[in-house]
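Subject: Structure handover

Hello,

Here is the structure I said I would pass on. Please look it over alongside the notes below.

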Amino acid sequence: NHNTKAPLAIMQISHPGRQCPLACTRFEISPVSPSSAQQARLLLPGRLGGLVGKLFIKDARSLKTHEVPGIVQQYSTAARLAEEAGWDGISIHGAHGYLVAQFLSPSANQRQDEYGKCKRGRRTILTEIIAAIRRSTKPEFVVGVKLNTKDKSSEGEAREKECMDLIQTLVDSEQLDFIELSGGGFEDPFFLKEDKTTGVSGGAYFVSFAQRMKNEINDLTTNSS
């Protein structure tokens, strides 16, 4: 929707969810997540690495249903403040294992309320965040999202298919100005090393998925920059 060709200043806004390190919580508060049954663990090599990974992040608690709208409002407030400060737009961080990615993940989100149970439920927090930001900012304010093609290197075609379906839903909603592809997170830090596609100038990540997306998603304009 932005007609100018000048560079845009886009602020990335995120919530770490269960990936909030002890340096931030200091044992005083518990991180929050969609489901406490799935805890964040930083995967480091070796026995010592495994111990350090377990100690790096405190166990999270599940968000109560009535708490989720407050999280949505925080994203909306962050976007409004970014606009007031002169930013051209924001990018919702829905990748790398942060809170939105946790809600979108079938393995991390084991909720049985309206924010889980099925793929539509898992997407609810993201669609509510987008709608809230659109209500709190001007029409020309740029809004985008970064999404994981998959969360871990062990995930396969089914997870990528769900991501593709989500992208089509977001494109059809006409509420976003851009979608950025990514993958992995703190819990699988070697994901990118395994998933990098060679043969592209300088090497590139998620090229095969991006090419599939370009071919399969309707009404999509792509930019590789």
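The notes below go from the whole chain to single helices and then to single residues.

The model is predicted, and every value here is computed from it.

Overall

The protein chain has eight helices and eight strands. It comprises 225 residues, and 45% of them count as buried. About 12200 Å² of the protein chain is exposed, with carbon and sulfur atoms supplying 52% of that area. If we take the contacts between residues at least 6 apart in sequence, 74% of them join residues at least 24 apart.

Cysteines

There are zero disulfides in the structure. Two cysteines can be placed by their accessibility. C20 counts as buried because its relative accessibility is 13%, under the 20% cut-off. C163 is buried too, with a relative accessible area of 3%.

Helix 6

Helix 6 covers residues 157-173, which is 17 residues. At 1.5 Å a residue it should span 24 Å, and its end C-alpha atoms are 24 Å apart, so the expected span and the model agree. The buried residues in this helix are R159, E160, E162, C163, M164, L166, I167, Q168, L170 and V171. Those residues pack against three helices and two strands: helix 4 (99-104), helix 5 (119-136), helix 8, strand 5 (142-148) and strand 6 (178-182).

R159, in helix 6, is a charged residue worth checking in the viewer. Its relative accessible area is 9%, so R159 is buried. Leaving out residues up to four places away in sequence, R159 touches L104, S105, P106, T149, K150 and D151.

Helix 6 is followed by E174, which sits in the loop between helix 6 and strand 6. The phi of E174 is positive, near 55 degrees, and the residue is not a glycine. With 70% relative accessibility, E174 counts as exposed, because the cut-off for that is over 50%.

Helix 8

Which residues of helix 8 are buried? In this helix, residues 207-216, they are V207, F209 and M213. They cover an arc of only 160 degrees around the axis, so they lie on the same side of helix 8. As background, an α-helix has 3.6 residues a turn, so residues three or four places apart point the same way.

V207 belongs to helix 8 and is buried at a relative accessible area of 16%. Between V207 and L181 there are 9.4 Å in space, C-alpha to C-alpha, while in sequence the two are 26 residues apart.

The aromatic pair

Searching the whole structure gives one aromatic pair. The pair is formed by F103 and Y115 and is edge-to-face, with 6.5 Å centre to centre and 75 degrees between the planes. F103 is in helix 4 and Y115 is in the loop between helix 4 and helix 5; they are twelve residues apart, and the pair links distant parts of the chain.

Are the two partners buried or exposed? F103 is buried, its relative accessible area being 0%. Y115 is also buried, at 4%.

The loop between helix 4 and helix 5, and T124

K117 is another residue of the loop between helix 4 and helix 5. Its phi is near 75 degrees, a positive value in a residue other than glycine. K117 has 57% relative accessibility, so it counts as exposed. In this loop, then, Y115 is buried, whereas K117 is exposed.

T124 lies in helix 5 and is buried, with a relative accessible area of 16%. Not counting residues up to four places away in sequence, T124 touches E114 and Y115. Y115 is thus a contact of T124 as well as the ring partner of F103. T124 and V100 are 24 residues apart in sequence, and their C-alpha atoms are 9.9 Å apart in space.

For a first look in the viewer, I would start with three places. One is the set of buried residues in helix 6, with its packing against helix 4, helix 5, helix 8, strand 5 and strand 6. Another is the edge-to-face pair of F103 and Y115. The last is the pair of residues with positive phi, K117 and E174.

Regards

Note on methods: Residues are numbered from 1 along each chain as its sequence is written. This is a predicted model: local features need pLDDT of at least 70, side-chain atom pairs count only at pLDDT 80 or more; totals for chains, interfaces and linings use all residues. Side-chain values use heavy atoms; hydrogens and water are left out. Helices (H or I, at least four residues) and strands (E, at least two) are DSSP runs, numbered from the N terminus. Buried means under 20% relative accessible area, exposed over 50%, partly exposed in between (1.4 Å probe, protein chains only). Contact means heavy atoms within 4.5 Å. Accessible areas come from the Shrake-Rupley method with a 1.4 Å probe; for residues, only the protein chains shown count as cover. A disulfide is a pair of cysteine sulfur atoms within 2.5 Å. The arc is that of the directions from the helix axis to the C-beta atoms. The expected span of a helix is 1.5 Å times one less than its number of residues. Rings of Phe, Tyr and Trp (its six-membered ring) pair if their centres lie within 6.5 Å; planes under 30 degrees apart count as stacked, over 60 as edge-to-face and the rest as tilted.
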